[in-house]
Amino acid sequence: MVFMGPRDERQTPQSDLFRSELVNLINPDHPLVKLARRIDWSVFEREWSELFASPTGRPAAPPRLIAGLLYLQHAYNLSDEAVLERWVENPYYQHFCGEQYFQHELPIDPSSLTRWRQRIGEEGVELLLAQTVEVAKRTGVVKRQSLERVTVDTTVQEKAITYPTDAKLYARGIKNLTKLARQQGVPLRQSYARKAPEALLMVNRYAKAKQMKRKRRMTKRLKTYLGRVTRDIERKIDGAPESTQAAFREPLHRAHRALNQTRRSKNKLLSWHAPEVEVIGKGKVAKPWEFGVKVSVAVTNRESFVVGCRSMPKNPFDGHTLAETLEQTEILSGVAPKRCYVDRGYQGAAIPDVQILRSGQKRGVNTRTLKRELKRRSAIEAVIGHMKTDGRMDRCRLKGALGDALNAVLVAAGHNIRLLLRAMAALLRRILGRLLDASKLGIRNQDRNPVMPVTA
């Protein structure tokens with residue numbers, strides 16, 4: 001049986017007479033070119049090719065292309081469409097993704113990146129992060145001793161939703177339920193297609209005018225509309241085919257969550273299209289509440305190189321996330337952490353064979369090395385800030401809880417790619433500086449000892 005896996009697009013050494021190869025058009029000392037030579041792309045071809053077990057269908061895109069696009073997307077904070085548009089314009093991007101000749105058309109449709117992310121899953125994107133760690137170890141950017149001393153902290157990866165309010169949630173529920181009823185052929189007594197938007201508009205106007213009693217009255221009206229639509233659908237689909245009932249099962253569950261939740265309810269529904277969103281308070285003055293998922297980040301204490309990043313649903317206590325984070329760090333880096341630096345939110349956390357030091361701790365911090373490394377604990381805050389401003393952790397645009405997990409790991413891989421590119425550029429500057437110094441020294445020696453002309 002022949003499986004329709006990724007197509008094999010290995011370029012032949014034979015040259016095209018009418019086209020010039022990319023290696024002849026680009027600078028071989030460019031950081032992207034140097035980094036492309038150091039990444040073991042065969043790992044992705046070997047691991048991801050096993051995901052395609054179907055004997056039919058069109059062959060998938062090359063894993064080298066997908067891995068390169070995901071690296072570039074999260075290193076330069078680009079959307080699926082933007083990274084492909086820039087790929088067509090940039091020869092360095094094409095060389096990084098394994099092309100031999102310059103291409104003038106999109107290699108894949110932007111939606112293919114979505115399907116690839118869903119297919120490879122969290123383990124597949126963790127392979128991307130693990131390869132950045134391997135490259136850092138081979139090039140000397142991160143030493144093995146550094147992998148034994150990590151700093152761990154948590155942050156909030158916000159979801160791409162608007163600020164949640166009851167009125168918007170009720171209006172969105174009415175719109176989605178009536179649309180689904182229309183698609184399934186379920187007749188409704190009243191759709192509130194005109195009254196619900198008008199009530200939402202009045203809620204916003206009353207809120208702007210600080211007329212809170214009127215605002216609450218209109219919000220209650222929207223809640224009444226949603227309850228009527230929900231009960232009407234439940235009556236109409238009673239006895240309907242199983243396919244119809246299955247289509248309404250999840251939307252009706254969300255409607256009941258929205259109708260029954262109160263101010264102090266747990267597990268609130270905050271967004272209709274993203275029911276996995278949680279409200280998390282980190283004690284920030286400018287942002288008391290953040291809506292998304294908690295993410296645990298682990299970096300090396302010395303270089304601030306990301307060696308672990310994982311989403312933590314259900315908003316667990318920080319100390320309860322430490323064991324899972326260190327386990328992921330050991331799997332990705334191949335080195336078991338021996339010393340871990342955390343903040344005071346990890347009070348009471350204890351891991352076997354791992355020395356845990358908290359910020360502000362005095363007992364046990366009796367050497368200059370421990371004091372110096374404990375002072376560097378706060379460096380992880382800057383790393384998280386760069387992952388949000390330079391990466392794509394500020395707003396997760398991927399769907400569902402799986403999207404939260406994938407985005408967190410991909411952002412970490414993109415941050416490491418930026419660090420590796422910076423290291424490649426610094427190495428090139430050092431080499432050029434040494435060559436320049438050597439040339440200057442040769443000129444000076446020649447001036448001091450000039451060659452005397454031979455005379456007859």
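## A charge-by-charge tour

Start by selecting Glu122, which is partly exposed at a relative accessible area of 25%. Buried here means under 20% relative accessible area, exposed means over 50%, and partly exposed is in between (1.4 Å probe, protein chains only). The areas come from the Shrake-Rupley method, with only the protein chains shown counting as cover for residues.

Before you go on, note that this is a predicted model, in which local features need pLDDT of at least 70 and side-chain atom pairs count only at pLDDT 80 or more, while totals for chains, interfaces and linings use all residues. Residues are numbered from 1 along each chain as its sequence is written, and side-chain values use heavy atoms, with hydrogens and water left out.

**Stop 1: a long-range pair.** Keep Glu122 selected and add Arg310: their side chains meet in a salt bridge, 3.9 Å from N to O. Glu122 belongs to helix α6 and Arg310 to strand β4 (residues 306-312), so this pair ties together parts that are 188 residues apart in sequence. Helices (H or I, at least four residues) and strands (E, at least two) are DSSP runs, numbered from the N terminus. Unlike partly exposed Glu122, Arg310 is buried, with a relative accessible area of 17%. A salt bridge is a side-chain nitrogen of Lys or Arg within 4 Å of a carboxyl oxygen of Asp or Glu, and the structure holds 21 of them.

**Stop 2: a pair within one helix.** Next, pick Arg254 and Glu250, whose side chains form a salt bridge of 3.1 Å, N to O. Both sit in helix α11 (residues 242-260), four residues apart, or about one turn of the helix. Which of the two is buried? Arg254 is, at 18% relative accessibility, whereas Glu250 is partly exposed at 38%.

**Stop 3: helix to loop.** Now select Asp318 and Lys282, a salt bridge with its closest N and O atoms 4.0 Å apart. Asp318 is in helix α12 (residues 318-333) and Lys282 in the loop between β2 (278-280) and β3 (290-300), so the pair ties together parts 36 residues apart in sequence. Asp318 counts as buried at 10% relative accessibility, and Lys282 as partly exposed at 30%. Then select Glu122, Glu126, Arg310 and Glu324 together: salt bridges that share partners join them into one network.

**Stop 4: two charged patches.** Patches are made of residues with over 30% relative accessible area and no salt bridge, with like charges joined within 9 Å. For a negative one, select Glu81, Glu85, Glu89 and Asp109. Asp109 is in the loop between α5 (91-96) and α6 (110-139), and is partly exposed with a relative accessible area of 44%. For a positive one, select Lys143, Arg302, Arg368 and Arg372; Arg372 is part of helix α13 (residues 368-375).

**Stop 5: one side of a helix.** Move to helix α14 (residues 379-389), where Ile380, Val383, Ile384, Met387 and Lys388 are buried. These residues cover an arc of only 135 degrees around the axis, which puts them on the same side of α14. The arc is that of the directions from the helix axis to the C-beta atoms.

**Last stop: Ala167.** Finish in helix α8 (residues 166-184), which contains Ala167. Buried or exposed? At 4% relative accessibility, Ala167 counts as buried. Draw a distance from its C-alpha atom to that of His74, and you should read 35 Å between residues 93 apart along the chain.

Key: Patch = residues over 30% accessible without salt bridge, like charges linked within 9 Å, V, L, I, M, F, W, Y side chains within 5 Å. Areas by Shrake-Rupley, 256 points an atom, 1.4 Å probe, with all protein chains shown as cover. Lys, Arg positive; Asp, Glu negative; His and termini not counted. Charge placed at Lys NZ, Arg CZ, Asp CG, Glu CD.
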